[in-house]
Amino acid sequence: MTLLPLIKKLGYGVLNNTNFARIDDLGDPEQILPLVTLIDEGLTRLYSRVMLRERHVIVEMQVGVTFYHFSKLYTVQNGDPIRVPYPYIMDLPNDPFDEDLVKVLRVYDPTGKERPLDDENQPNSLFMVQHDVMHNPYPREGEVILVAYQAKHKPLMVFDSVNGTVEFEDEIILPPVLEPALDNYVAYMVHMRIGTAESLAKAQGYLAVYNQICEDVEKNDLVNSSRSITNARFDENGWI
């Protein structure tokens with residue numbers, strides 16, 4: 001599903017009694033961008049609650065560096081060579097790290113063996129001191145690890161700053177069973193913004209539906225997440 005059908009569905013559905021998602025406003029960035037921001041927020045909430053996207057990145061250990069930040073600043077592709085002359089996030093030109101980490105799921109060594117995570121009883125354990133900061137108490141120069149993490153949905157980009165136009169071609173990747181959850185979460189945020197007593201009451205109803213849908217999906221395992229780790233990513237980077 002692309003963005004335009006979603007906006008039309010919202011306009012004819014849960015937002016039909018609001019000034020959001022009006023079809024006549026689709027060409028006006030000032031009118032449509034606030035709604036796109038709310039859709040983005042709804043996708044982030046869903047991708048944080050339900051495991052929908054898993055990505056992997058290679059991190060190269062450095063002697064003297066025990067804290068590793070999952071930030072573009074420390075990447076090969078988009079880092080700052082003046083501030084960080086020796087980046088440790090070894091991303092690829094066709095697969096850059098986008099600061100889309102929700103949480104680290106697992107960590108592997110180059111042989112594909114899983115490393116302990118947040119286990120004080122294991123001497124080779126790594127520790128997540130923040131959701132995007134990893135602590136390695138004993139880094140070894142040149143040691144590489146593969147980090148598997150739960151990732152956010154890609155941000156929606158609708159405004160063409162060069163031409164000053166609005167585009168709606170971005171694809172929204174969401175299982176059909178969660179599409180009503182997104183609709184209801186966006187409706188919840190819109191009605192919270194309106195702020196009247198009536199809209200606030202409606203907002204709580206939309207939030208309750210959102211939570212119920214998510215609970216049903218989680219309880220019945222309606223969204224499958226694959227777990228397949230090989231040495232392919234290490235091989236792509238020339239580590240093996």
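This is a chat about helices, strands and one buried residue in a predicted model.

User: Start at the N-terminal end. Which residues are buried in helix α1?

Analyst: Helix α1 covers residues 3–12, and its buried residues are Leu 3, Leu 6, Ile 7, Leu 10 and Gly 11.

User: Where do they sit around the axis of α1?

Analyst: Looking down the axis, the buried residues of α1 fall within an arc of 135°, so they line one face of the helix. An α-helix has 3.6 residues a turn, so residues three or four places apart point the same way.

User: Now the strands. What order do they take in the open sheet?

Analyst: The order is β2-β5-β4, three strands with antiparallel pairing. From one strand to the next, the twist averages 30°.

User: Which strands stand at the edges?

Analyst: β2 (67–69) and β4 do. Each has a single partner strand, so one side of each is left without a neighbour in the sheet.

User: How many bridges join β2 to β5?

Analyst: Three, and the two strands run antiparallel. In that pairing, His 69 stands opposite Val 133 in β5.

User: And how many between β4 and β5?

Analyst: Three bridges as well, linking β4 (residues 127–130) and β5 (residues 133–135) in the antiparallel sense. Here Gln 130 stands opposite Val 133. The two strands form a hairpin, with two residues between them.

User: Change of topic. How do α3 and α4 pack?

Analyst: α3 (residues 179–194) and α4 (residues 197–219) pack at an angle of about 160°, and their axes are 8 Å apart. The two helices are therefore roughly antiparallel to each other, and their crossing is left-handed.

User: Which residues meet there?

Analyst: On the α3 side they include Tyr 185, Tyr 188, His 191 and Met 192. On the α4 side, Leu 200, Tyr 206, Leu 207, Tyr 210 and Ile 213 are among them.

User: Last one, Val 104. Buried or exposed?

Analyst: Val 104 has 11% relative accessibility, so it counts as buried; the cut-off for that is under 20%. Val 104 is found in strand β3, residues 101–108.

User: What does Val 104 touch?

Analyst: Leaving out residues up to four places away in sequence, Val 104 touches Phe 70, Leu 117, Met 128, Met 134, Val 147, Ala 148 and Tyr 149.

User: How far apart are Val 104 and Asp 132?

Analyst: They are 28 residues apart in sequence, and 7.8 Å apart in space from C-alpha to C-alpha.

Conventions. Residues are numbered from 1 along each chain as its sequence is written. This is a predicted model: local features need pLDDT of at least 70, side-chain atom pairs count only at pLDDT 80 or more; totals for chains, interfaces and linings use all residues. Side-chain values use heavy atoms; hydrogens and water are left out. Buried means under 20% relative accessible area, exposed over 50%, partly exposed in between (1.4 Å probe, protein chains only). Helices (H or I, at least four residues) and strands (E, at least two) are DSSP runs, numbered from the N terminus. The arc is that of the directions from the helix axis to the C-beta atoms. Two strands pair if DSSP finds at least two bridges between them. Axes are lines fitted to C-alpha atoms, for helices over the stretch in contact, and angles run from 0 to 180 degrees between N-to-C directions. Angles under 35 degrees count as roughly parallel, over 145 as roughly antiparallel, 65 to 115 as roughly perpendicular and the rest as oblique. A crossing is left-handed if the near helix is turned anticlockwise from the far one by less than a right angle, and right-handed if clockwise. Contact means heavy atoms within 4.5 Å.
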